[in-house]
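Got your viewer open? Let's take a walk through this fold, one selection at a time.

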Amino acid sequence: MCHLFADHSPTLFNLYSSPLLFTQHQRGSTLVLSLLLLVLMSALGLQAMEGATIEEKMASNFRFSTQAFYAAEAGLQLAINNHTDGQITPALTGNIGEGEYSGTVTQTAALYTVESFGSHPNSGSRRTITALLSGPPGTSPTIESWLEHE
């Protein structure tokens, strides 16, 4: 009697261990999982590309702002050089690299106020330096104060 049922009796273990029965219930699950993984990886890739684009724009803005600052500083240096040479000019203009500067020099008693505006024409970035110089024309001036702002 044991011999008769040994090979032919279906048990719970035999039903779930059979490759044919186990795969029939999971038909298409690999496709669904693969598609979900593909969507997830695509979303991560798009997020990384967006982050890189934002970082590139931030770096460009920093570069343009720095060039505008250097242009404003060049205007201030021109005013200092003119003061040293004994030439006090009320208006300053010029270019340096990709930047442009313009500025004004005003005298109050023995002090000279220099306001230099630097800009980067393609980006619209602007920086301003205001400095207070002292000393007689024809000598190297002393910078009494310095203020930089955007």
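## A tour of the sheet

Start by selecting β2 and β3, which form a hairpin with two residues between them. In that turn, click on Ala109: its phi is positive, about 55°. Keep in mind as you go that this is a predicted model.

Now look at how the two strands line up. β2 and β3 run antiparallel, joined by nine bridges. Pick Thr108 and you'll find Leu111 of β3 standing opposite. What holds such strands together? Strands of a sheet pair through backbone hydrogen bonds, in either a parallel or an antiparallel way.

Next, add β1 to your selection. β1 and β2 are also an antiparallel pair, this time over six bridges. Try clicking Asn95, then its bridge partner in β2, Glu100. Between these strands is another hairpin with two residues in the turn, and there Gly97 takes a positive phi near 60°.

Head over to β3, residues 111-120, and show β4 too: ten bridges join them, and they run antiparallel. For one matched pair, select Gly118 and look for its bridge partner in β4, Arg127.

Time to zoom out. In what order do the five strands of the open sheet come? The order is β1-β2-β3-β4-β5, with antiparallel pairing. Colour β1 (91-96) and β5 (142-149) to spot the edges: each has a single partner strand, so one side of each is left without a neighbour in the sheet. Turn the view a little and check the twist: on average, neighbouring strands are turned by 20° against each other, ignoring direction.

Now show helix α4, residues 29-84, which packs on the sheet. Which strands does α4 touch? It touches β1, β2, β3, β4 and β5. Compare the directions of α4 and β3 and you'll see an angle of about 150°.

For the last stop, select Ser125, which lies in strand β4 (residues 125-134). Is Ser125 buried or exposed? Its relative accessible area is 15%, and buried means under 20%, so Ser125 counts as buried.

Who are its contacts? Leaving out residues up to four places away in sequence, Ser125 touches Phe64, Ser65, Ala68, Gly118, Ser119 and His120. You've already met Gly118, the bridge partner of Arg127. Finally, put a distance label between the backbone nitrogen of Ser65 and the side chain of Ser125: a polar atom of that side chain lies 3.4 Å from the nitrogen.

Methods:
Residues numbered from 1 in each chain as written. Predicted model: local features only at pLDDT ≥ 70, side-chain atom pairs only at ≥ 80, totals over all residues. Heavy atoms only, no water. Helix = DSSP H or I, 4+ residues; strand = E, 2+ residues; numbered from the N terminus. Buried < 20%, exposed > 50% of the residue type's maximum accessible area, 1.4 Å probe, protein only. Polar contact = N/O pair within 3.5 Å; in protein donor to acceptor, adjacent residues only side chain to side chain. Contact = heavy atoms within 4.5 Å. Pairing = 2+ DSSP bridges. Axes fitted to C-alpha atoms, helices over the stretch in contact; angles between N-to-C directions.
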